[in-house]
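Dear colleague,

Please find below the structure that I am handing over to you, together with its sequence. My findings follow directly after it.

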Amino acid sequence: MTAKNAIEIEGLRKTYAGGRQQVAKEALKGVDLTIPAGSIFGLLGPNGAGKSTLINILAGLVLKTSGRVTIWGFDQDINPRQSRAAIGVMPQELNLDPFFSPRGSLEVQAGLYGVPKSQRRTDDILRMIGLEDKADAYARTLSGGMRRRLLLGKALVHRPQILVLDEPTAGVDIELRQMLWENVRKLNADGMTIILTTHYLEEAEEMCDEIAIINHGSLIVRDSTKALLGRMDAKTLVIHSEGDMPDALAMPDGVTIDRRADGAVAFTYRRSETAPDAILDALRQAGVRLRDVASEEPDLEDVFLDLTRKRAEA
Ligand code: ADP
Ligand code: MG
């Protein structure tokens, strides 16, 4: 099968009903999105953007208000069982039953998905997530990192074609992060489609083939990571000079100048268009003596600002 989509989403809307005295919250405002099979796909956005809502709708944990969701070719409304079987979700919340051991949790989860005893691979999963030693310990005695690993294991019991990880590395240590990414890469190499949410741009850059960014419940952009990074090439040089900086400065085209309250002057340029040296040369030509030079990388926030501004201008 060529160019199959793992996920197809059309016109997806979600409005959470307001509780007493609360207004209803429109968390997804008509999202269209396709996610190709076989990819590692990043869903990015700031807190409150609607990432978990989208993922929980895919997982069948949150009911959509309207729209169409197709998972591995199965329409969620027409074939709820098949569409659910195709996806495994590692949730953002550490929602484990404190009275089950890792082995017990995996067995119960397999039971929920109707995996016959003979086809369960509880020991393989325990090994993969590094919890063999803790297989029979109570969940409440597990560390935060171990719980997260167990949640990954639970998402895999029914051998889903698609694995979704919701902020898997928020607040976890480097070791666990590496272990997670190793596993994710291995699973993807074996053919599993991976969807992950994160608000760490670097992580998405490193892991994802394609990226979608959502903000305030709307899709802002969806592109290959490479193409997206090309758009994100704004960089800033922050310069303190000896004495005052001249009022008028001749700069290469496309460089914007921002005088900051602390006396520093920030020069923002595009890596693809301007070399930082050209800015420093222009300053020297203007007779400016540099006291301090620092550089600032754009973060996700800048990317959002950039993309939303371009949109407003278009
Ligand atoms: P993200 O995962 O990107 O941080 P969420 O999907 O969790 O965003 O939340 C999107 C918006 O919906 C937020 O404004 C959040 O407060 C709201 N929201 C999320 N879950 C609920 C809920 N169960 N009831 C009401 N509002 C919710
Ligand atoms: Mg979330």
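**Two sheets and a ligand site**

Four strands make up an open sheet with the order 2-1-4-5 and antiparallel pairing. Its edges are formed by strand 2 and strand 5 (74-75); each has a single partner strand, so one side of each is left without a neighbour in the sheet. Please note that this is a predicted model.

Within this sheet, strand 1 (residues 5-16) and strand 2 run antiparallel and are joined by nine bridges. K14 is found opposite L28 of strand 2. Helix 1 packs on the sheet, where it touches strand 1, strand 2 and strand 4 (66-71), and its direction makes about 120° with that of strand 1.

The second sheet to report is also open: six strands in the order 6-7-8-3-9-10, with mixed pairing. Strand 6 (87-90) and strand 10 (218-224) are the edge strands here, each pairing on one side only. On average, and with direction ignored, neighbouring strands of this sheet are turned by 15° against each other.

At one end of that order, strand 9 (residues 210-215) runs antiparallel to strand 10, and six bridges join the two. One residue pair there is I211 with its bridge partner D223 in strand 10. Two helices should be mentioned together with this sheet. Helix 5 (residues 144-156) packs on the sheet, touching strand 6 and strand 7 (162-166), and its direction makes about 170° with that of strand 6. Helix 6 (residues 174-189) lies across strand 3 (40-44), strand 6, strand 7 and strand 8 (193-198), and runs at about 150° to strand 8.

I turn now to the ligand. Which residues are around ligand 1? They are Y16, K25, A27, P46, N47, G48, A49, G50, K51, S52 and T53. By class, this shell comprises four nonpolar, five polar and two charged residues. Strand 2 (25-36) and helix 1 (51-58) each contribute at least two residues to the shell, and helix 1 gives the most, with three residues.

Three polar distances may be of use when you inspect the site. An oxygen atom of ligand 1 is 2.7 Å from a polar backbone atom of G48, and an oxygen atom of the ligand is 2.9 Å from a polar backbone atom of S52. A nitrogen atom of ligand 1 is 3.5 Å from an N or O atom in the side chain of Y16. Taken alone, ligand 1 exposes 550 Å², of which the protein buries 62%.

With kind regards

Methods:
Residues are numbered from 1 along each chain as its sequence is written. Chains are lettered from A and ligands numbered from 1 in the order in which they are written. This is a predicted model: local features need pLDDT of at least 70, side-chain atom pairs count only at pLDDT 80 or more; totals for chains, interfaces and linings use all residues. Side-chain values use heavy atoms; hydrogens and water are left out. A residue is near a molecule or strand if one of its heavy atoms lies within 4 Å of it. A polar contact is a pair of N or O atoms within 3.5 Å; within protein, one must be able to donate a hydrogen and the other to accept it, and residues adjacent in sequence count only if both atoms are side-chain atoms. Accessible areas come from the Shrake-Rupley method with a 1.4 Å probe; for residues, only the protein chains shown count as cover. Ala, Val, Leu, Ile, Met, Phe, Trp, Tyr, Cys and Pro count as nonpolar, Asp, Glu, Lys and Arg as charged, and the others, Gly among them, as polar. Two strands pair if DSSP finds at least two bridges between them. Contact means heavy atoms within 4.5 Å. Axes are lines fitted to C-alpha atoms, for helices over the stretch in contact, and angles run from 0 to 180 degrees between N-to-C directions.
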